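Visitor: I'm used to gels and assays, not to structure viewers. Could you walk me through how to read this one?

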Amino acid sequence: MNNKLLELIDQLASYHSLSLEEYEYLIKNRNLEVVQYAKQKAMTVRQQIFGNKVYIRGLIEISNICKNDCLYCGIRCSNKTCQRYRLSQEEILECCEEGYQLGFRTFVLQGGEDTYFSDDVLCHLLKTIKLKYPDCAITLSLGERSKESYIRLFQAGANRYLLRHETADQQHYQKLHPSHMSYENRMKCLYTLKEIGYQTGCGFMVGSPYQDENMLSKDLKFIEEFHPQMCGIGPFIPHVATPFKDMKAGNVDLTCYLLSLIRLIYPPILLPSTTALGTIDKRGTEKGIQSGANVIMPNLSPLSVRKKYELYNHKKYTGEESAQNKNRLTLIMKEIGYEIVTERGDFKE
């Protein structure tokens, strides 16, 4: 056994920092023993901070209309086969009402970069939700906006913002996105969100096209230095209507290993076991939780639109990742020793 691997895991657990070269070494030379060792360390750390709690967030996919043309995404603007939709305020509020009755105390409003959702429209929606559900947190995941926009949305009641950086390697970023989108602006948005006071989330795809271990090590180093309150990672899954349709999907085991490393890098982080994990592996949700994740985001969107919000092929949307199946999810978590809780689950340093 390579003792250096175990020593690096111990160092990460104690000091929450490694060099880029050490992160890359951990990824390149991983084996079953070090994966298990990292998982045990991560679960111990997570248990110390959160106990056996798993937080749930009600995901509401408000629109699959997007002005961007990201090469990996099924709702990219050039996909002419995508059946577009946009939820009305009334439909979004109905989702919140159902979610509240089911016990959700965080709503995640996620969508493509749909220009209909201006600051005025969103601020009115946020204030309405806050007025009706003052004990709930609101997370937005609506892409890149101006600093002024982020400030207005924060003042209107948004508590958290998820903006996946997708990759911390600038050249890799350009290979995944159209030329008018820039790595610099994505990073600027993330730092702006944190500066304003949002609980800020980033994230990346594991196994995305052209990715290598050095790029993944940069992702881990970025998380170490940025200290996001949340981080969503999941395996890359190709979509048939994108230029990457024939690319190989990401790896579940590597994703789970990286979840463990992220937990050790920043112990209090809120770490979802993502829908992509549950899509690519029928036990992916549980594997994520058993690797150090502590958040699940069941889908609250109207059933009629869930299949249309297809960022990748074969997305799950009617199983235990569905909010209406919360009881089933509760049982699954109980079977592996965890408890679904309905509290907001705010980040605590």
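Guide: Happy to. Keep in mind that this is a predicted model. Let's begin with strand β4, which is mostly covered: five of its five residues are buried.

Visitor: How should I read the two sides of a strand?

Guide: In a regular strand, side chains alternate between the two faces of the sheet. Now take β4: Ala137, Thr139 and Ser141 sit on one side, Ile138 and Leu140 on the other, and all of them are buried, so both faces are covered.

Visitor: Which strands does β4 pair with?

Guide: One is β5 (residues 160-162), which runs parallel to β4 and is joined to it by two bridges. Threonine 139 stands opposite arginine 160 in β5. To get from β4 to β5, the chain goes through helix α6 (residues 147-156), and this β-α-β crossover is right-handed. Another is β3, also parallel, with five bridges to β4 (residues 137-141). There, glutamine 110 has serine 141 as its bridge partner in β4. The chain passes from β3 through helix α5 (residues 119-132) to β4, again in a right-handed crossover. Threonine 106 also has a bridge partner in β4, namely alanine 137.

Visitor: Is β3 enclosed or open to the outside?

Guide: Count its buried residues. Six of the six residues of β3 are buried, so the strand is largely enclosed by the rest of the structure. Thr106, Val108 and Gln110 cover one side, with Phe107, Leu109 and Gly111 on the other.

Visitor: And what pairs with β3 apart from β4?

Guide: β2 does, in the parallel sense, over five bridges. Glutamate 61 stands opposite glutamine 110 in β3. Together β2, helix α4 (residues 89-102) and β3 form a right-handed β-α-β unit.

Visitor: Next, holes. How many cavities of 30 Å³ or more does the structure hold?

Guide: Three. The largest has a volume of about 970 Å³. Its lining counts 43 residues, and those nearest its centre are Gln110, Arg164, Glu166, Tyr309 and Leu311. You'll recognise Gln110 from β3.

Visitor: Which elements supply that lining?

Guide: β2 (58-63), β3 (106-111), β6 (199-206), β7 (230-235) and α11 (275-280) each give at least two residues to the lining of the largest cavity. β7 gives the most, with three.

Visitor: What sort of residues are they, chemically?

Guide: The lining of the largest cavity splits into 21 nonpolar, twelve polar and ten charged residues.

Visitor: How do I read a sheet's edges?

Guide: Look at how many partner strands each member has. The order of one open sheet of three strands is β8-β1-β9, with parallel pairing. β8 (295-296) and β9 (339-341) are the edge strands; each has a single partner, so one side of each has no neighbour in the sheet. Three bridges link β1 (residues 53-56) to β9, and lysine 53 has glutamate 339 as its bridge partner in β9.

Visitor: Last one: what can a single residue tell me?

Guide: Try leucine 261, in helix α10 (residues 252-265). Residues under 20% relative accessible area count as buried. Leucine 261 has 0%, so it is buried. Leaving out residues up to four places away in sequence, leucine 261 touches Ile9, Leu12, Leu26, Ala38 and Leu220. Leucine 261 and alanine 38 are 223 residues apart in sequence, yet their C-alpha atoms are 6.8 Å apart in space.

Note on methods: Residues are numbered from 1 along each chain as its sequence is written. This is a predicted model: local features need pLDDT of at least 70, side-chain atom pairs count only at pLDDT 80 or more; totals for chains, interfaces and linings use all residues. Side-chain values use heavy atoms; hydrogens and water are left out. On a 1 Å grid over the protein atoms alone, a cavity is a set of points where a 1.4 Å probe fits but cannot get out, and a pocket is an open set with protein on both sides within 12 Å along at least five of seven lines; lining residues have an atom within 4 Å of a point. Grid points are joined across faces, edges and corners, and a volume is the space filled by probe spheres set on the points. Helices (H or I, at least four residues) and strands (E, at least two) are DSSP runs, numbered from the N terminus. Ala, Val, Leu, Ile, Met, Phe, Trp, Tyr, Cys and Pro count as nonpolar, Asp, Glu, Lys and Arg as charged, and the others, Gly among them, as polar. Buried means under 20% relative accessible area, exposed over 50%, partly exposed in between (1.4 Å probe, protein chains only). Two strands pair if DSSP finds at least two bridges between them. A crossover is right-handed if, with the strands pointing away from the viewer, the path from the first strand over the helix to the second runs clockwise. Contact means heavy atoms within 4.5 Å.
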